[in-house]
Amino acid sequence: MDSDPQQKIWKLFKIAEQLANRSIYSNYSFGCVIATKKREIIGMGFNQGKTHPNAAQFFGQTIHAELHAILRSNKRKEKNLDMYVFRKNKKSGLIGRARPCKHCSKLIEEFGIIKRVFYTISESSFECWKV
C-alpha cells in the first residue's frame, strides 16, 4: 500500500480525470471528487452543460464539477472532508489550474463540511486551499 500522501492525492486526481473525460461541455473538462480523510469517496461530479434547479441562480446553463459532486454526494453527516478538482484542456490534453471559481468557493464554504480543496496546477503539481 502506498504511504506517500502525494501519491494518494494523485490517485484521487486520476479518478477526477476519468470523471472530467465524461464532460462534453466547454473547452476544458473538470472532474471533482469528495472524499473522507481516509480517502473514501462520497461524491463525484464533472462539468455539464445543462441546468439543475439548485445551479440556476449561480451558474446559468452549466453545472460546475464541484456543484455536481456536492449534489451527488451521499448525505452522511461527515465533516472535515477533502475535495479534489481536476482540469484538462480538451484540445491540448494538458492539465491546468483548477481552483474553484468564486461561486463554487462560496458554495463550498456554505456547504460547511469540506475543509480542504486540492486542485491541479499542472501535469506535476497541485495546490491546497484550506476552507
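Which residues touch the most other members in the largest nonpolar core? In this predicted model, they are Ile34, Met83, Val85, Ile114 and Val117, out of 19 residues in that core. Two or more residues each come from strand E1 (28-35), helix H3, strand E3, helix H4 (102-111) and strand E4 (114-120). Helix H3 gives the largest share, four residues. Nonpolar side chains tend to be buried together in soluble globular proteins.

Ile114 illustrates the contacts made by a member of this core. Leaving out residues up to four places away in sequence, Ile114 touches Ile34, Leu81, Met83, Ile108 and Val131. Ile34 and Met83 also belong to the group with the most contacts to other members. A second core is separate and holds 14 residues, including Ala16, Val33, Ile95 and Phe118.

Helix H3 spans residues 65-72 and is mostly covered. Six of its eight residues are buried. These are Ala65, Glu66, Leu67, His68, Ala69 and Ile70. The buried set thus takes in Glu66 and His68 as well as Ala65, Leu67, Ala69 and Ile70.

Two of these helix residues recur at the largest pocket, which has a volume of about 170 Å³. The pocket is lined by 13 residues. Closest to its centre are Phe30, Asn47, His64, Ala65 and Glu66. By class, the lining comprises seven nonpolar, four polar and two charged residues.

Tyr84 lies in strand E3 (residues 81-89). Its relative accessibility is 0%, so Tyr84 counts as buried. Val33 is 51 residues away along the chain, yet the C-alpha atoms of Tyr84 and Val33 are separated by 5.1 Å. Beyond neighbours within four places in sequence, Tyr84 is in contact with Ile9, Leu12, Phe13, Ala16, Gly31, Cys32, Val33, Ala35, Arg39 and Phe118. Among these partners, Ala16, Val33 and Phe118 are members of the second core.

The cysteines were examined next. A disulfide is a covalent bond between the sulfur atoms of two cysteines. The structure holds zero disulfides. For Cys101, the closest cysteine sulfur is in Cys104, at 3.8 Å. That separation is too far for a bond, because a disulfide requires sulfur atoms within 2.5 Å. Cys101 counts as partly exposed, because its relative accessibility is 27%. Cys128 is also partly exposed, with a relative accessible area of 33%.

How values were computed:
Residues numbered from 1 in each chain as written. Predicted model: local features only at pLDDT ≥ 70, side-chain atom pairs only at ≥ 80, totals over all residues. Heavy atoms only, no water. Buried < 20%, exposed > 50% of the residue type's maximum accessible area, 1.4 Å probe, protein only. 1 Å grid on protein atoms, 1.4 Å probe; cavity = no way out; pocket = protein on both sides within 12 Å on 5 of 7 lines; lining within 4 Å. Points joined across faces, edges and corners; volume = space filled by probe spheres on them. Nonpolar A, V, L, I, M, F, W, Y, C, P; charged D, E, K, R; others polar. Contact = heavy atoms within 4.5 Å. Core = buried A, V, L, I, M, F, W, Y, C linked by side-chain atoms within 4.5 Å.
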